[in-house]
Amino acid sequence: MSVTWYECKVKYSKTYETGEQKITSETYLLDSVSFTEAETRINEIMAELTSEEFQIMNIKVANFSEVHPFENSDRWFKTKVSLITLDEKSGKERKTNIYMLIQANDIKEAFENTTEVMKETMSDYSIPSIAESPILDVFPYFTGEEEQLNKYNVLEDTEATPAVSEEIEETI
């Protein structure tokens, strides 16, 4: 199942630690099934994040094929990865560009994290560019289905032990 990512630019009055208020514009990334749902979700998210009045300035489809968060990182970097394949008919190398959003603290770490993500890739690749993204935070869609799937997997694993199966049946 492919994910469609939406960049949402929001303008609001932000109160800083010094007590001064400034109008600021921030970009958030979230996955959604449509523009309408993206707008609904960003409204809900911003209502939780700020008590100030806010205005959604722009919503657009982002061209990220993958988003990779990393612990202890606070910035997001847009990484361009060129996948190199060989055209069997012509014998020439062909490059296909994909864009990833990688979380890191600096560009060097973003490069290392991109390399970590790509280490399982079978084809050759290069990383022609890494740039800091204006995205402040990422909000993936979560329906709770993953938890249900994990419970199902636990049920499958415990079928061999009758005592555990009986306990699970009682809770269901």
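The side chains of Glu26 and Tyr12 meet in a polar contact of 2.8 Å, and that is a good place to begin in this predicted model. The side chain of Glu26 makes another polar contact, with the side chain of Lys14, at 3.1 Å. Glu26 belongs to strand S2, which runs over residues 21-31. With a relative accessible area of 9%, below the 20% cut-off, Glu26 counts as buried. If you set aside its neighbours within four places in sequence, Glu26 is in contact with Cys8, Lys9, Val10, Tyr12, Lys14 and Leu136.

Now take one step along the strand. Thr27 is also placed in S2, and Thr27 is buried too, with a relative accessible area of 7%. Beyond the residues up to four places away in sequence, Thr27 touches Glu7, Cys8 and Lys9, and also Pro134, Ile135, Leu136 and Asp137.

From here, let us turn to helix H1, residues 35-49. Its 15 residues reach 21 Å from the first C-alpha to the last, close to the 21 Å expected at 1.5 Å a residue. Which residues of H1 are buried? They are Glu37, Ala38, Arg41, Ile42, Ile45 and Met46. These residues cover an arc of only 160° around the axis, which puts them on the same side of H1. Thr36 and Ala47, on the other side of H1, are exposed. And what covers the buried residues of H1? The cover includes strand S1 (5-15), S2, S3 and S8.

One of those strands, S3, spans residues 54-61 and holds Phe54. Is Phe54 buried or partly exposed? Its relative accessible area is 23%, and since buried means under 20%, Phe54 is partly exposed. Leaving out residues up to four places away in sequence, Phe54 touches Val10, Lys11 and Tyr12, together with Asn43, Met46 and Ala47. You can also look from Phe54 towards Ile23: the two are 31 residues apart along the chain, and their C-alpha atoms are separated by 9.6 Å.

Further along the chain comes helix H2, made of the twelve residues 107-118. At 1.5 Å a residue, H2 should span 16 Å, and its end C-alpha atoms are indeed 16 Å apart. At the start of H2, a side-chain oxygen of Asp106 reaches to within 3.3 Å of the backbone nitrogen of Lys108. The buried residues of H2 are Ala110, Asn113, Thr114 and Met118. Seen down the axis of H2, these buried residues fall within an arc of 130°, so they line one face of the helix. What do the buried residues of H2 pack against? Their partners are strand S5 (75-86), strand S6 (93-104) and strand S7 (124-132).

Our last stop is the second largest pocket, with a volume of about 180 Å³. The residues that line this pocket are Trp5, Glu66, Val67, Pro69, Trp76, Gln103, Leu136, Asp137, Val138 and Pro140. Two elements give two or more residues to its lining, namely strand S4 (66-68) and strand S8 (135-139). The largest share, three residues, comes from S8. You have met part of this lining before: Leu136 is among the contacts of Glu26, and both Leu136 and Asp137 are touched by Thr27. S8 also appeared earlier, as part of what covers the buried residues of H1.

Definitions and conventions
Residues are numbered from 1 along each chain as its sequence is written. This is a predicted model: local features need pLDDT of at least 70, side-chain atom pairs count only at pLDDT 80 or more; totals for chains, interfaces and linings use all residues. Side-chain values use heavy atoms; hydrogens and water are left out. Helices (H or I, at least four residues) and strands (E, at least two) are DSSP runs, numbered from the N terminus. Buried means under 20% relative accessible area, exposed over 50%, partly exposed in between (1.4 Å probe, protein chains only). Contact means heavy atoms within 4.5 Å. The expected span of a helix is 1.5 Å times one less than its number of residues. The arc is that of the directions from the helix axis to the C-beta atoms. A polar contact is a pair of N or O atoms within 3.5 Å; within protein, one must be able to donate a hydrogen and the other to accept it, and residues adjacent in sequence count only if both atoms are side-chain atoms. On a 1 Å grid over the protein atoms alone, a cavity is a set of points where a 1.4 Å probe fits but cannot get out, and a pocket is an open set with protein on both sides within 12 Å along at least five of seven lines; lining residues have an atom within 4 Å of a point. Grid points are joined across faces, edges and corners, and a volume is the space filled by probe spheres set on the points.
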